[in-house]
Amino acid sequence: MNLLGEVLQQTVNGIALGGIYALIAIGYTMIYGIIKLINFAHGDILMLGTFMAYFVLMATGPTPLGLVLAFLVAMPGSAILGMIIERFAYKPLRNAPRINALITAIGVSLFLENLARVLPFIGPNPRQFPTPPSVFLSYGGVGISNIQLLIIVVSVVLMLVLSYIVERTKVGKAMRAVSYDKPASALMGIDVNRVISFTFALGSALAAAAGILFASAYPLIEPYMGIMPGLKAFVAAVLGGIGSIPGAMVGGFIMGLAETYTKGFINSQLADAIAFGILILILLVKPSGLFGKETSEKV
Amino acid sequence: QGGGEKTIKVGVIMPTSGTLSTYGVDTTNAIKLAAEEINAAGGVNGVPIEVIVEDDEGNPEKTKAAYLKLVTQDNVAAIVGPLTSNCTLAVVDSAQSDQVPLITPTATNDQVTLAGDYIFRACFIDSFQGTVVAKFAYENLGARKAAVLFDVANDYSSGIANNFKDAFTALGGEVVAFESYQTGDKDFNAQLTKIKAQDPDVLFLPDYYNTVALIAKQARAQGMDIPLLGADGWDGITDVAGPEVANSYFSNHYSPESDDKDVQEFVKKYSEKFGKTPSALAALGYDAMEILGEALKKAGSTDPQAIRDALAQVEGKFVTGYIRFDENRNPVKSAVVNAITEEGGNLVVKYAATVNP
Amino acid sequence: MKSILEVRDLSISFGGLRAVDHFRLTLGEGELVGLIGPNGAGKTTVFNMLTGIYRPTSGRILFRGRRDEEPRDITELKPHQITSRGIARTFQNIRLLKGRSVLENVLIAYHYRVPYSLLDAVLRTGRYYRGERALVDEAMEFLSIFGIEGKARELAQNLPYGEQRKLEIVRALATHPVLLLLDEPAAGMNPKETRALMDLIRFIRERFSLTILLIEHDMSLVMNVCERIVVLDYGRIIAEGDPESIRRNPEVIKAYLGEEVEIA
Amino acid sequence: MLKVEGLRVNYDAIEALHGISFEVREGEIVTLIGANGAGKSTTLNAICGLVPVSRGGITFMGEDLVGLSPHGIVQRGISQVPEGRRVFANLTVEDNLLMGAYTRKDAKAVRRDMEQVYERFPRLKERYRQLAGTLSGGEQQMLALGRALMSRPRLLLMDEPSMGLAPLLVREIFSIIQDLNREGVTILLVEQNAHMALKIAHRGYVLETGNIILSGTVAELLENEEVKRAYLGG
Amino acid sequence: MRKEYRDGLVLAGLSIGVVAAVTALVRSGFTTLYTAQVITLSGINVIVALGLNLITGFTGQLAIGHAGFMAVGAYTSALTMMLLGFPPVLGVISGGLLAAVVGMLIGFPTFRLRGDYLAIVTLAFGEVIRVIIINLPSLTGGAAGLKGVPPFAEGRMLKQIVAMDVVLVFMFLVIALMYTVVRSSYGRALIAIRDDEIAAHTMGIDVFGYKMFSFTLSAFIAGLGGGLYAPFFGYLTPQTFTFLKSVEILIIVVFGGMGSITGTVVAGFLLTSLQEFLRFLKDYRMVIYPLILIVMMLFRPQGLFGEREISISSLFRKAGGKRTSEEGDPT
Ligand SMILES: Nc1ncnc2c1ncn2[C@@H]1O[C@H](COP(=O)(O)OP(=O)(O)OP(=O)(O)O)[C@@H](O)[C@H]1O
Ligand SMILES: Nc1ncnc2c1ncn2[C@@H]1O[C@H](COP(=O)(O)OP(=O)(O)OP(=O)(O)O)[C@@H](O)[C@H]1O
Ligand SMILES: [Mg+2]
Ligand SMILES: [Mg+2]
């Protein structure tokens, strides 16, 4: 394979990985945007969503219909889970210092992971996620697998849907109003609790979708599976400008590509270091992230 | 000494919870099974062995705590464990200076037994497995160009990888790609694309089966159909992996399919009691306890020096082969190579070869 | 009268918006000048540039600080450097340390000239104890000048609004400024409180021989205490002069005061 | 229209309102004056459901408001211009106005009302795409008022709308309040600027440290010595 | 005698008393070496958590990578002892110093930004430092770990006891350092930055400079903790200094109360022993531990102590009465 071919191939790999990061990053960014909370449990919602899909696929087998069904079960299922977590763990802390909520989020994260480990139907051992047999569509040495194609298509569609919701709909604008000033939003007649719940639902549903895609590409699932993608997606969200949805998308793709290129052309051990290096570099040049709005405090 | 005691206490340090709990529980079960058998056969010169298990979660810090508890609170005569090399390395210096005989069933890192003359192990060392697989690939498979993909953050994986590289090159082969990743990585497409570009004959994946299953899946998805090679970390891979791991070979401590009498007897007892075929780690745990039992009998007391000297003398046939300790208290024994093939839609593990040191 | 502040052609833009445009101002020692103008004219922004919180797009700020003979360029300095040269301010929205005691709020202002080193603090030398006692004594004295020494140990957030504003002024004065910038000190005060504030401003100016620049929308206050008034509109100076002339200036009436001017 | 009876509100251990009662009748402008910290904002927030009521009753058009959520209260026709403006800094001026009309479904009428707000405050029209957070204090106050109008309230609560405004604008705001009132909006106005407030209101209440100490028609209050001394600077 | 000196002496006496008492208990066999190990580990955790409390609790800058500074301290102390033959205490201090230098390097670009970028950058740093350690096998032992760090003293019993004593002494020194810094004009400057950065800046406080100071000192203290860990434990592996370790430290700070030194000390001992105490729960322990944390945050979000301290003078003043006092003014 020539170098150009290799570069193209790595780009395909990077975009597929980046699509997954982007989906997770959107959830992080939305939740951070609305309650200024780094939701550490986001990766664990992804994990639980993936297990929901796992049980569906075990029943149906890895058929296209089964996959559709898995999305239809896991996304609403995780949405409900996200809402429950918000209601019981985060809502009572809405007026507490932000760091408290952060600690709680870390607590929820550890709790979900370890609960999953002791639950008899999940357990600590990795399981094989049912996937369709891989097909490699190749054109002159450069190719894309059926799963990578699925990831790219599904993630792009979901991102378009989400952008529409947030940018164009009333509830999307309400989300932005609530993110800035909750009492004032309430005075506008906005049901603040509903809007926050909705945000969690949306973010969690996207996490579940990302989880299914992730598991289809890396078909071994276990209770800790959400940690690493969660962390990297978080970096993607910050890099794109936390609170900004287009930022999260672009950040996700940058992370995916940077990771893949580093592994492919430099040195795999440097992948994380370079990802964080890019982050710091971008923050130094543009402190609010690529798409973040400059919010110099007006005094 | 020892005569006044009602039991001889043996400490076991194993990760019975945490990420490694599957391995830890299997091995602990086998150790307990061996102890029960010794006790059923009259114990150590009439005194029964009492096994005290401490969980270390696979975390070196916890290993140290468990060690101190066993040594200072329970006053154990000897220790079987820990499971991983990292955890074992955390306590060997203390065990040596505290004069506590310790035999790890499974820690393969070369450094472990260099801590001193109280430290033993029941498994062969990393460098040996790298050589075994290299020899097998070069001689049995006729491979000349090999690629390696390993976990740099894991000493087990990088140790074997380096040994393979040296051995394979020494045999006259060429390692055309030597790529790595970090523990916990799930995406290997970048490295595989790079490896594929080098067009190797075999791909060596010295890691635990969970990671190997993922790599294999991605390698096959990229259209690589060369044989995959592995080491004892692959033990149990057919439970989690799909057809992508067919056409592979891995070295191991023993093969439950072997027609050896001791092996068959152990497999039968273990599977009757715990409902599953014993893994290689379980076999090693069983052997470690057996070795310690024999040494205790020979020592005739719980004096640490006596136990140490008796351990060094142990020689004989065990489940994982004929064992004799070399001057570094590492067992000199053979390894087996298993082949994974697909037969009628099912994965089958078959004994392929025995490689002698 | 020597000038202590000279602002030359100060401008700043936010994105496309030119919030302040070629602003010029010279303040003589001991003057009390008012800065007024419609909302959004750029008054607070001028303060922000003078105190180093915003960096101007162009222009220079020359200031003759406590120790200097000649005015020096302070345009590029950081807020804390400017404070140490002798400019202090209050904020349009009160920015006290809410969860700290009144005394601590004042002590903060002494920090840049704390009389003991970190090493003294760690080793608890005599210098530390003497220094700390001196600071507290001085702060208490300050508070007593303003009649709130009795509340020294209360949390700042528990003070009534008027006293919070007062505390902000005390805290600014505790940095020993030569020039004091007050941003709408009477906002949210009733006429009675406003009158008290007027007296306070006159008093501190005498007591600490200060030069004061004051933003305020309450004309009763501005017209009564200021000697000179500068009027801003859309970032530009549209008028400058004594209160009487400003009150009659047709442009100011049109842009800011409105037809019927009533001063209590 | 609005009836408050024996209202008590606590912040943790401190009681901020010690059982106040007053009423606002349809078509009136009622002003609530009082010094800083008297509890004026607390009263408005209690009506809007933003702070929990510990005792007492609030009824609006005969319906009990206690225990309703803020958005429920807004839907019943009460709107507040909060103290300190509280505009949505991260939304544009236009989006802020649209948020004001959040509970309304009639898109066309909303458009019309928006044009009306722009007519009233040309400054806002000039900056309709600017982020509200970068507006000056006065501009934000205009926006807050405009935003409240967008919900077409029956009862408008205003918390110190003249605070920090240029004299020209203060008069402007008060004349808008009168206009609105003439158009049929009932208004409860909290003010420090008793002078102006008493000029446009029909009736007033004086609040001091959590108690209503005086009430009456504007004429009565203007006569009162205490009011003159403390709130009119006379 | 002046009150200040009296307090100082009482504190010093108390500290010596505590060290002597636990040493005697272990020596006499009344408590086992296992207990000594838990005490030592608690002491180390307290030291690192105090460092974190300085930057996060007192200065208001969230940092979630203190395991990274521990790692720097631990490896430095181990290597200076093993390669340069430093005596243990010198090794420990050089560990602190190098961690401080690293802290400075990280802080310098980060504090030019406003906002919680420190959280992200420290998170990243915690990960990157491990990668570096793993990739320098000739120096650090790589993934296999660094074995054979010389202990504070030889002998099964002595080794543990001396380690415990040294750690406790360091702990008391760090407490004294923290206390004296925080209760001074310098500490007030940090708190002012936490409460309102812009106001602090216009009051003449060099915000950037003090953030740097606080973070560097914080890294130094965490480095000391790591430095102590090396000779105490004898074996270092990058696996020890993970994100979870940083979280564990953060939990101690929050549990005890951000901005409370007493709180950090109490929480450090409580939580470290709780981890041991809950061992019998096996895998369920890791379910219950976070649950306790969540419940704590929900029902007592300010932590055990809030911002309060137990102070010696208040013990004297109200002997027998209430034992804690609101953090008073430094008079
Ligand atoms: N950080 C910023 N970003 C963007 N625009 C800003 C910023 N700060 C101020 N402005 C703009 O600059 C103009 C002047 O604002 P400034 O706060 O100085 O007004 P002001 O004269 O103090 O008004 P007021 O009397 O209402 O307080 C306003 O139009 C405002 O929108
Ligand atoms: N969130 C709160 N927590 C605790 N106390 C509060 C809170 N809000 C207000 N208070 C207290 O309640 C009392 C009444 O406050 P309120 O804001 O209602 O006064 P106000 O009359 O609106 O004053 P202002 O003219 O300053 O706006 C004051 O003593 C205040 O300190
Ligand atoms: Mg202003
Ligand atoms: Mg109010």
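These legends go with close-ups of the two domains of chain C in a predicted model.

**View 1. How chain C splits into two domains.** Domain 1 of chain C is built from two stretches, 1-86 and 177-264. Domain 2 of chain C covers 97-175. Going by C-alpha atoms, the centres of domain 1 of chain C and domain 2 of chain C sit 27 Å apart.

**View 2. Where domain 1 of chain C meets domain 2 of chain C.** On the domain 1 side, 19 residues take part in the contact, and domain 2 of chain C puts in twelve residues. Between them, the two domains of chain C bury about 1,200 Å², with 77% of that on carbon and sulfur atoms. On the domain 1 side, the residues that lose the most area to domain 2 of chain C are P177(C), L200(C) and F208(C), which together make up 31% of what that side buries.

**View 3. Polar links between domain 1 and domain 2 of chain C.** How many salt bridges cross this interface? The rule finds zero. As for polar contacts, the count is one residue pair, with both residues at pLDDT 80 or more.

**View 4. What the domain 1 side of the chain C interface is made of.** Helix 2 (79-85), strand 7 (179-183) and helix 7 (191-207) of chain C each chip in at least two residues that touch domain 2 of chain C. Which element gives the most to this side? That's helix 7 of chain C, with five residues. Sorted by class, the domain 1 side has twelve nonpolar, three polar and four charged residues.

Note on methods: Residues are numbered from 1 along each chain as its sequence is written. Chains are lettered from A and ligands numbered from 1 in the order in which they are written. This is a predicted model: local features need pLDDT of at least 70, side-chain atom pairs count only at pLDDT 80 or more; totals for chains, interfaces and linings use all residues. Side-chain values use heavy atoms; hydrogens and water are left out. Domain bounds come from an automatic or database domain assignment. Contact means heavy atoms within 4.5 Å. Buried area is the accessible area (1.4 Å probe) that two parts lose on being put together, summed over both. A salt bridge is a side-chain nitrogen of Lys or Arg within 4 Å of a carboxyl oxygen of Asp or Glu. A polar contact is a pair of N or O atoms within 3.5 Å; within protein, one must be able to donate a hydrogen and the other to accept it, and residues adjacent in sequence count only if both atoms are side-chain atoms. Helices (H or I, at least four residues) and strands (E, at least two) are DSSP runs, numbered from the N terminus. Ala, Val, Leu, Ile, Met, Phe, Trp, Tyr, Cys and Pro count as nonpolar, Asp, Glu, Lys and Arg as charged, and the others, Gly among them, as polar.
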